[in-house]
Amino acid sequence: MTMRAGRAVIAAEFRGRPNRGRAGFPVERFLRLRAWGVALLVHAAVAAAVLLEWPQATEPAPVAKPIEVSLLEAERPVQPSPPRPKPVSEPRPKAPARSTPETRPVVPEPQPTAVAPVVEQPEPAAVQVAAPVMPAPRPVAPEPLVEARFDADYLTNPTPPYPRQSRRLGEEGVVRLRVQVGPEGQVLQVELKDGSGYPRLDQSALETVARWHFVPARRGTTPVASWVVVPIVFSLT
């Protein structure tokens, strides 16, 4: 039964009863409330029918009871008691034997016998073996040293220039230089050994010889560094 059908039924009934609307209650409102009541009854009936046909819920499964476990103490093994020691019976003391007179054997007295004299032999003298004497090594004589040279023709060493002022003043003299020559013939160091008495001549000799080349000194066939004295003569004649 639908809501439209209910409204139609209620409207038909009120048509036959026109006096209800005249008592002051609106007919339309009454019809509306009655229709709503009929609809609610219909819905309630449908819900009841549905609930009756709905299968009953299954009963809940029984809950398993918890198992109680209790720990039991393990029986301790019974240890056998140690055997008791047997009582030891002490020996009874024997009665002392009767003393009898002792008979000592007759021992003959020792007779002196002749003993040969012991002659001590002298110990053999220890023989000492002298170690062989090794001759001392002879000292090796060093090879002779050949001094460095500065007068070889192939060296082409320049002559120290004569200062002009020394020429004009007539200064002359001999300068002796002490030169250290390396193993390759280069000049390592130059020193003034004996001066000429004129600083200009000494300085000219020092500056020139410092650029010279030498034949290096040799010890045997090995070139070595050495010192050599170089004389420089300044003369106007």
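Let me begin with a definition: a residue is called buried when its relative accessible area is under 20%. I apply that cut-off here to a predicted model.

I turn first to helix H4, which spans residues 199–209. Its buried residues are Leu201, Asp202, Ser204, Ala205, Thr208 and Val209. These residues lie on the same side of H4, because they cover an arc of only 165° around the axis. The spacing is in keeping with a general property: an α-helix has 3.6 residues a turn, so residues three or four places apart point the same way.

What do the buried residues of H4 pack against? Their partners are helix H3 (164–169) together with three strands, namely S2 (173–181), S3 (187–194) and S6 (226–234).

Next, the loop between H4 and strand S4 (217–219), where Ala210 is found. Ala210 has a relative accessibility of 40% and therefore counts as partly exposed. Leaving aside residues up to four places away in sequence, Ala210 touches Val187 and Val190. Val187 is 23 residues from Ala210 along the chain, yet their C-alpha atoms are separated by 6.3 Å.

Finally, I come to the sheet that includes S4. This is an open sheet of 3 strands, ordered S1-S4-S5, with antiparallel pairing. Strands S1 (145–146) and S5 (222–224) stand at the edges, each with a single partner strand, so one side of each has no neighbour in the sheet. The antiparallel pairing of S4 with S5 runs over 3 bridges, and Ala217 stands opposite Val224 in S5.

Methods:
Residues numbered from 1 in each chain as written. Predicted model: local features only at pLDDT ≥ 70, side-chain atom pairs only at ≥ 80, totals over all residues. Heavy atoms only, no water. Buried < 20%, exposed > 50% of the residue type's maximum accessible area, 1.4 Å probe, protein only. Helix = DSSP H or I, 4+ residues; strand = E, 2+ residues; numbered from the N terminus. Arc of directions from axis to C-beta. Contact = heavy atoms within 4.5 Å. Pairing = 2+ DSSP bridges.
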